[in-house]
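Visitor: I should be grateful for a close look at the cysteines of this structure and at the parts that surround them. Please explain each step as you would to a first-year student.

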Amino acid sequence: MEFSELQRQSSTIAHGYHGAQQLVRLRSKSVVSNQNGPQFHWGSPPSEGGEEGDSGPPKDLRERPMTMRLKRAIREVQQMRVPVVTSWQSWKRSKAKSLSRFRADAGGVMSYVALWRKALHKIGGHFGGGVQSYFMFLRFLVVLNFLSFLLIAGFILIPSIVFRSTSTSNMTVDDTGPEVCNVYDPNLQGLVVFYQYFLDLLSGTGFMEYSYMFYGYYNNTVAESSGFHYNLPLAYLLTSVFYFAFCLICIITRMGSALRVAVATGSGAAGSYSKMVFTGWDYGCQGDRATKLKQKSIHYQLQVDLEEERLQKKALSLTLGQTVGLCSLRIFLMLVSLALIGGAFFGIFKATVFSQAQVGAEGILGLFWVYLPSIVITTGNFVVPLMCDQIALFERYSPSTTIIMALFRSVFLRMISLGVLLFTLWSQITCFKDSPKCELCQYNNKEYPCWETRVGQEMYKLALFDFLITIAMLILVEFPRRLFVDHYSCALTRWVGRQEFLVPPNVLGLVYGQTVVWTGALFCPLLPLINTLKFFILFYCKKVTLFSNCRPAVKTFRSTTSTIFFLVVLLFGWGLALVAMIYSLAQIHPSMSCGPFRSLTMMWSIVPNTFYTLSLTTQDFIFYMGSQAFSIPLFIFSCVVLCYVAALAAVYGKSVDLLKAQFKLEGRDKQFLVKQIEELSREMGVPTRDQLDTFDTGAAN
């Protein structure tokens, strides 16, 4: 009797549970049908999925969110069904299959032959995705600089070598201008000491000054032969412009892919917690060290979020007097930081002026004077951020805001220090104070007979000195520190410890180096090649010091390890270099004694001069492209397309919000049903899952 009563209670609970399941299933079906969720047309061919009926792009059966049993059933139905299609549709489907297969194979091959593929996987497995993002960013810059060098070599370097080796009467070189302004002879006369070549290699003078490395070696050659016409000055200018455009396209393309990932992951505190808890674990971690590091990283991220929420609540509870005092303190500390940065700028200005005055010095002392601006810039970039970090401790910002402010100050210091160097050079080249030195040649010809080469030498020294400092820090600081910490056990070694591999400062160093290259590419065409070799060697140096000397930073911050942040800072450096290039092209008179623009009043003058040599039909077409009859309809069409894209994005945003709301409602419904089942189980005396787990644990013990 008791057994039959227990069976009846169990069947009642089962019917109730299955009824609840049926209710959830019916409700989910109705919701999916209303929201146009992922459906499948059983009559569609295997490779096309829902091409005929779906409004979106076709999906392969493997990409659909279905169970394996359902996919196998669909595959069997498709194989039994013989669709009636035309020859055009059959050809179209076969080509689509071949194209998709080719794309998949090409993607697999490219991922297999990608530069440093295994090394990046190893770094990501041992140190996490944050450190791996730095090395992936470094790889992106290596590829970008190498492709840029190929562009410059194809249109500037190789034609110049060919024209010099096959000089004929069909090539013309224009050397017009006053005789005083045409004096430029960088070649050394007579014998020199043996170590002078090494000093020339470091400073870019001597045998390197008059070579393909710098602007002054290139001629304003115009080659004509059997219908072939090549204008080297025009090619030099257009290649520099296309070089900047190519870099911008690469940055925006990479940024767009990163933004798509950021938009897909969403934002908000609740979403951040959910992603961190359910999808934050990195299954590529290898070894106990990487596992413990990832655990500490997730723990710190949760701790930072909770700390920020606590500080926000505390800020809302401050009185008016406390708020005014806090704001006053922050304003005062900000002024102190700006004063430090301003002092660094003043030091760069004075060092540059003094260095330019000591150009004629020789030997080791002369090398020190020419490297003085680079030394002051590097010292300021190292010392000032450390002092600003100490000031930030008293500003009482949230952890994320503190890191953002530190990064902003570092970026501002590095970029503007380069701008101060350029401003100092241009002030001496162009004579802002209307000095008599610039009356005859429109620039300071006495001190800067080929000022473009001088600017290129400064950028060359900055890039080389930055690389030498990195190698010196690796050999003289990081390795001895690791040996000292590993082999001596005392309070000092425990306090110092192994250095942390901090991603943001390393990324800012890469951005600074790339900005130097962009700034000097117009005056030193081979600088992208030098930067390619520099970053290539830097990858292995950083990899060695990462695995041998460093411990990854436990306190990570999501925004600093984001690809979007890296590319935004890189885009800022690109903008600074673009301003420098535009000013050089359109404002400063080119040198009359060297370079491909020696006979022009401005570098940009080669474009209108070449334009008026074209045929009348080509001129009329280009004029029409720039006229109102073409530009106004193009502007209207662009506005219409922009409005359409904005409306489409708004609709997609609303759809995403509706889906998020739907997921929340479904979660609440499931919680409600689970509570109902638990209450019904307690009323009927059936043990719950927790009670069964407790019983199993006790029986096991």
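Guide: A residue is called buried when its relative accessible area is under 20%, exposed when that area is over 50%, and partly exposed in between. The model before us is predicted, and every value given here is computed from it.

With that cut-off in hand, we may turn to the cysteines. Cys388 has a relative accessible area of 3%, and therefore counts as buried. Cys541 has a relative accessible area of 16%; because this is also under 20%, Cys541 is buried.

Next comes the matter of cysteines that are linked. A disulfide is a covalent bond between the sulfur atoms of two cysteines. The structure holds 1 disulfide. Its partners are Cys450 and Cys594, with a distance of 1.9 Å from S to S. The link of Cys450 and Cys594 is right-handed, with 95 degrees about the S-S bond. Cys450 is found in the loop between helix H12 (399-430) and helix H13 (451-487), while Cys594 is found in the loop between helix H17 (563-586) and helix H18 (606-611), so the pair ties together parts that are 144 residues apart in sequence. Both Cys450 and Cys594 are buried.

From buried residues we pass to a part of the surface. A nonpolar surface patch of about 650 Å² is made by Leu115, Val143, Phe146, Leu147, Leu150, Phe536, Ile537 and Tyr540. Two elements give two or more residues to this patch, namely helix H4 (117-165) and helix H16 (527-548). Of these, H4 gives the most, with 4 residues. Phe536, one of the patch residues, has its place in helix H16. Its relative accessibility is 35%, which means that Phe536 counts as partly exposed.

Finally, there is the space enclosed by the protein. The count comes to 3 cavities of 30 Å³ or more, and the largest cavity holds about 60 Å³ of space. Its lining consists of Ile152, Ile156, Tyr236, Thr239, Ser240, Tyr243, Ala521, Leu522 and Pro525. H4 and helix H6 (232-265) each supply at least two residues of that lining, and H6 provides the largest share, 4 residues. Helix H4 thus appears in two of these descriptions: it gives residues to the nonpolar patch, and it supplies residues to the lining of the largest cavity.

Notes. Residues are numbered from 1 along each chain as its sequence is written. This is a predicted model: local features need pLDDT of at least 70, side-chain atom pairs count only at pLDDT 80 or more; totals for chains, interfaces and linings use all residues. Side-chain values use heavy atoms; hydrogens and water are left out. Patches are made of residues with over 30% relative accessible area and no salt bridge: like charges are joined within 9 Å, nonpolar side chains (Val, Leu, Ile, Met, Phe, Trp, Tyr) within 5 Å. Accessible areas come from the Shrake-Rupley method with a 1.4 Å probe; for residues, only the protein chains shown count as cover. A salt bridge is a side-chain nitrogen of Lys or Arg within 4 Å of a carboxyl oxygen of Asp or Glu. Buried means under 20% relative accessible area, exposed over 50%, partly exposed in between (1.4 Å probe, protein chains only). A disulfide is a pair of cysteine sulfur atoms within 2.5 Å. On a 1 Å grid over the protein atoms alone, a cavity is a set of points where a 1.4 Å probe fits but cannot get out, and a pocket is an open set with protein on both sides within 12 Å along at least five of seven lines; lining residues have an atom within 4 Å of a point. Grid points are joined across faces, edges and corners, and a volume is the space filled by probe spheres set on the points.
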